[in-house]
Amino acid sequence: MPARSYTDVSDQQVVVYAQEGREDAYRELIKRYERPVFSLIFRMVRDRETAEDLAQETFIKVLNNIDRYRPEFKFSSWLFKIANNITIDHLRRRQVDTISIEGSPNAITAESARATAVTVTSGGESPLEELESRELGEEIEKAIEKLRPEYRACIILRHVEDYSYDEIAEIVKLPLGTVKTYIHRARQELRQYLGDLR
Amino acid sequence: MIEHDFDEEFVPIAAELQRLPYLSPSRDFADRVIARVDRLQAAPARALPAPASRHLELHRGGQAVAPRRFSVIRATGRATAGVALIAAAAFMFFEVDLLTAILSAATTQYAFAIAAAGTQIGTVVLGAETIAYLQAGAVQAVILYMTLAVGLLSGYTAIRTAAHIAKRKAA
């Protein structure tokens, strides 16, 4: 079966191709969402290796159950829902201590600490702006790190992924009121942590 | 862009959150995922012969015999016969008083009319010989046969159920 171009093809249509067993459709879904899913999971567990494992588990689960996808929902919402479930289960199971943005506490050498550290970059700016942006970005990452995992998921879905409160409630399987409370508290905490920067 | 539902102090933080970059997993991430998608890994095996069915099959002359399908008419007929037999058995063993009372009252009041109509209808439906046999007082014998039929049906059902359970266990 020849590979086809999926430019301008909706998620729902790519899913249909995947349901027909086309490998290129599976790869397209991974390509579209590997970074958002990995980023969400990483910001919750703060460990690259664990985040990769959990992201991999998420995609394997979703793609193996692609026939169960209901097209009336956004594919990304379904994907994030499974990613969130897997990550929360992992955090509950392991009671993982969140690691510093400077690197994993398990890193023995400075080299491995650098390898596990998060590097925040942005493009299209002057060197000074880039440096300031990078510093602020790292401060934000540190502030997110201090939030409870439930708050992290909600605030990232709201402000990074642009989901509505209703969609977040569906993804994290919590009542709408709880989601609003979590986001409100997360904003308050972020304001406190980042107070000195503004 | 999401609508602002937060106070002004959070605006710069919200802006920074939106600028947070996506992080990338390792380069071979997609390959590792694809390698573990069962549907895709199972695809080349399609050409292989299908695995033996886990269900027991009846073979005749080396070929599997297709299971008989329950037609609607047959099923309806069986259901009707079953209800009739159960009703007859209930009448015989438990003496349904209400039915008896209605029949008695009707028989008392309209005995002649019912007898005449019943005979005519019975003659048309069952035949003159059957009517004569019934009129000779063999109603009890008919009910006895019906009860035997219920027993046979129940026994047959029990055997089929036992065979089904045995098949499932064997599978």
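**Figure 1. Helix α3(A) of this predicted model, checked against its expected span.** Start with a simple ruler test: α3(A) has 17 residues, and at 1.5 Å a residue they should span 24 Å. The end C-alpha atoms of α3(A) are 24 Å apart, so expectation and model agree. Many positions along this helix are worth a click, for the buried residues of α3(A) are A:Arg48, A:Thr50, A:Ala51, A:Leu54, A:Ala55, A:Gln56, A:Thr58, A:Phe59, A:Val62 and A:Leu63.

**Figure 2. A:Ile82 and its partners from elsewhere in the sequence.** A:Ile82 sits in helix α4 of chain A. Setting aside residues up to four places away in sequence, A:Ile82 touches A:Thr58, A:Lys61 and A:Val62. Of these partners, A:Val62 also appears among the buried residues of α3(A), as does A:Thr58. The pair A:Ile82 and A:Thr58 is separated by 24 residues in sequence, while their C-alpha atoms are 6.2 Å apart in space. Is A:Ile82 buried or partly exposed? A:Ile82 has 18 other C-beta atoms within 10 Å, and because a buried residue needs 20 or more, it counts as partly exposed.

**Figure 3. The largest nonpolar core, seen around its best-connected members.** This core holds 51 residues, and those touching the most other members are A:Val37, A:Ile41, A:Leu79, A:Cys154, A:Leu157 and A:Ala186. Which helix gives the largest share of the core? That is α2(A), with 12 residues. The core also reaches into both assigned domains of chain A, drawing at least three residues from each of domain 1 (8–118) and domain 2 (126–198). For a closer look, pick A:Leu79: beyond its neighbours within four places in sequence, A:Leu79 is in contact with A:Tyr33, A:Val37 and A:Val62.

**Figure 4. Helix α8(A) and the helices that cover its buried residues.** Helix α8 of chain A runs over residues 165–172, and its buried residues are A:Glu167, A:Ile168, A:Ile171 and A:Val172. Looking down the axis of α8(A), these buried residues fall within an arc of 120°, so they line one face of the helix. The spacing fits a familiar rule: an α-helix has 3.6 residues a turn, so residues three or four places apart point the same way. The cover over the buried residues of α8(A) includes α4 (75–94), α7 (149–159) and α9 (176–193) of chain A. After α8(A) comes A:Lys173, with a positive phi near 55°.

**Figure 5. Two further residues with positive phi, A:Asp8 and A:Arg46.** Most residues other than glycine have a negative phi, and that is the reason to pause at this pair. A:Asp8 has a phi near 65° and belongs to the segment before α1 (11–19) of chain A. A:Arg46 has a phi near 60° and lies in the loop between α2 (23–45) and α3 (48–64) of chain A. Which of them is buried and which is exposed? With 6 other C-beta atoms within 10 Å, A:Asp8 is exposed, whereas A:Arg46 has 25 and is buried.

**Figure 6. A:Lys142 and A:Tyr193, a pair brought together from distant places in sequence.** A:Lys142 belongs to helix α6 (residues 127–146) of chain A. A:Lys142 and A:Tyr193 are 51 residues apart in sequence, and their C-alpha atoms lie 8.8 Å apart. A:Lys142 counts as partly exposed, having 15 C-beta neighbours inside 10 Å.

**Figure 7. Where chain B touches chain A.** Chain A has 9 helices and 0 strands, while chain B has 7 helices and 2 strands, in the order α-α-α-β-β-α-α-α-α. At their meeting place, 29 residues of chain B contact 35 residues of chain A. On the chain B side, the elements giving two or more residues are α1 (11–19), α2 (29–35) and α3 (38–42), and α1(B) supplies the largest share, 7 residues. By residue class, the chain B side divides into 19 nonpolar, 3 polar and 7 charged. For background, buried residues make up 35% of the 198 residues in chain A and 4% of the 171 residues in chain B.

Conventions. Residues numbered from 1 in each chain as written. Chains lettered and ligands numbered in written order. Predicted model: local features only at pLDDT ≥ 70, side-chain atom pairs only at ≥ 80, totals over all residues. Contact = placed C-beta atoms within 7 Å. Helix = DSSP H or I, 4+ residues; strand = E, 2+ residues; numbered from the N terminus. Nonpolar A, V, L, I, M, F, W, Y, C, P; charged D, E, K, R; others polar. Buried ≥ 20, exposed ≤ 12 C-beta atoms within 10 Å, placed from the backbone. Core = buried A, V, L, I, M, F, W, Y, C linked by C-beta atoms within 7 Å. Domains from an automatic or database assignment. Expected span 1.5 Å × (residues − 1). Arc of directions from axis to C-beta.
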